Amino acid sequence: MKVFSLKSCDTCKKAVKALRDAGHDPQIIDVRADGLTDADRAAIIGQFGDAAINKSSTTWRNLEEGEKAQPVASLLTLYPTLMKRPVIQNGDVWTIGWKADAQAAHL
């Protein structure tokens with residue numbers, strides 16, 4: 001199980017705690033500190049497409065319109081914190097966010 005998150009994100013902290021409490025030992029990947037590998041970035045985009053971008057984030061709002069028009073892969077390469085999070089991969093099951101659907105899939 002991999003959890004793509006930010007160390008400072010409260011939702012990510014809640015998700016990791018719940019996963020550990022449920023007996024999982026997830027590999028935590030901090031997208032700011034660790035970055036995303038090309039393979040992980042491609043897999044996330046393949047699963048979620050444009051939904052991988054958090055368009056309500058401060059980072060997104062501060063981008064110029066021309067920057068927002070870039071492909072998702074370019075945006076996540078330049079601004080990894082734009083990724084909606086947490087993204088959780090558990091085998092073939094992928095979820096984004098930590099709402100009821102993600103919790104049901106992983107807990």
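Contact here means heavy atoms within 4.5 Å. With that criterion in mind, the tour of this predicted model may begin at Asn54.

**Stop 1: Asn54**

Select Asn54, which sits in the loop between α2 and α3 (58-61). Its relative accessibility is 17%, and because buried means under 20%, Asn54 counts as buried. Now display the residues around Asn54. Neighbours within four places in sequence aside, Asn54 is in contact with Trp60, Leu82, Met83 and Lys84. Two of these names return later: Lys84 in the lining of the largest pocket, and Met83 in the largest nonpolar core.

**Stop 2: the largest pocket**

Keep Asn54 selected and add Cys9, Thr11, Lys84, Arg85, Ile96, Gly97, Trp98, Lys99 and Asp101; together with Asn54, these residues line the largest pocket. The space in this pocket comes to about 160 Å³. Colouring the lining by class shows 3 nonpolar, 3 polar and 4 charged residues.

**Stop 3: Arg85 and Pro86**

From the pocket lining, take Arg85 and select Pro86 as well. The peptide bond that joins Arg85 and Pro86 is cis, with omega about -5 degrees. Pro86 belongs to the loop between α5 and β3 (87-90). Both residues also lead to the next stop, as Phe4 touches Arg85 and Pro86.

**Stop 4: Phe4 and the largest nonpolar core**

Select Phe4. Which residues does Phe4 touch, not counting those up to four places away in sequence? The list consists of Ile29, Val31, Leu36, Asp40, Ile44, Met83, Arg85, Pro86, Val87 and Trp94.

Next, widen the view to the largest nonpolar core, which has 21 residues. Within this core, Phe4, Ile44, Met83 and Val87 touch the most other members. To see which elements contribute, show α2 (38-48), α5 (72-78) and β4 (93-96), the elements that give two or more residues to the core. Helix α5 supplies the largest share, 3 residues. Apart from this core lies another, of 7 residues; Ala15, Val16, Trp98 and Ala102 are among them. Trp98 has already appeared in the lining of the largest pocket.

**Stop 5: Ser5**

Return to Phe4 and move along to Ser5, a residue of strand β1 (residues 2-5). Is Ser5 buried or exposed? Ser5 is buried, with a relative accessible area of 3%. Leaving aside neighbours within four places in sequence, the contacts of Ser5 are Cys12, Ile28, Ile29, Asp30, Val31 and Arg85. Ile29, Val31 and Arg85 may be recognised from the list of residues that Phe4 touches.

**Stop 6: Asp40**

Select Asp40 in helix α2. At 11% relative accessibility, Asp40 counts as buried. Beyond neighbours within four places in sequence, Asp40 is in contact with Lys2, Phe4 and Ile29. Draw a distance from Asp40 to Phe4: the two are 36 residues apart in sequence, while the C-alpha to C-alpha distance is 9.3 Å.

**Stop 7: the salt bridges**

How many salt bridges does a search of the whole structure find? There are 5 salt bridges, and three of them are visited here.

- Remain in helix α2 and select Arg41 and Asp38, whose side chains meet in a salt bridge (2.8 Å, N to O). These two residues are 3 residues apart, about one turn of the helix. Arg41 is buried, with a relative accessible area of 11%, whereas Asp38 counts as exposed at 59% relative accessibility.

- Move to helix α1 (residues 10-21) and select Lys13 and Asp10. The side chains of Lys13 and Asp10 form a salt bridge at 3.9 Å, N to O. Because they are 3 residues apart in α1, about one helical turn separates Lys13 from Asp10. Lys13 is partly exposed, with a relative accessible area of 47%, and Asp10 counts as exposed at 52% relative accessibility.

- Finish at helix α4 (residues 65-68), where Glu65 and Lys68 lie 3 residues apart, about one turn of the helix. Their side chains meet in a salt bridge of 3.5 Å, N to O. At 61% relative accessibility, Glu65 counts as exposed.

Technical notes
Residues numbered from 1 in each chain as written. Predicted model: local features only at pLDDT ≥ 70, side-chain atom pairs only at ≥ 80, totals over all residues. Heavy atoms only, no water. Core = buried A, V, L, I, M, F, W, Y, C linked by side-chain atoms within 4.5 Å. Buried < 20%, exposed > 50% of the residue type's maximum accessible area, 1.4 Å probe, protein only. Helix = DSSP H or I, 4+ residues; strand = E, 2+ residues; numbered from the N terminus. 1 Å grid on protein atoms, 1.4 Å probe; cavity = no way out; pocket = protein on both sides within 12 Å on 5 of 7 lines; lining within 4 Å. Points joined across faces, edges and corners; volume = space filled by probe spheres on them. Nonpolar A, V, L, I, M, F, W, Y, C, P; charged D, E, K, R; others polar. Salt bridge = Lys/Arg side-chain N within 4 Å of Asp/Glu carboxyl O.
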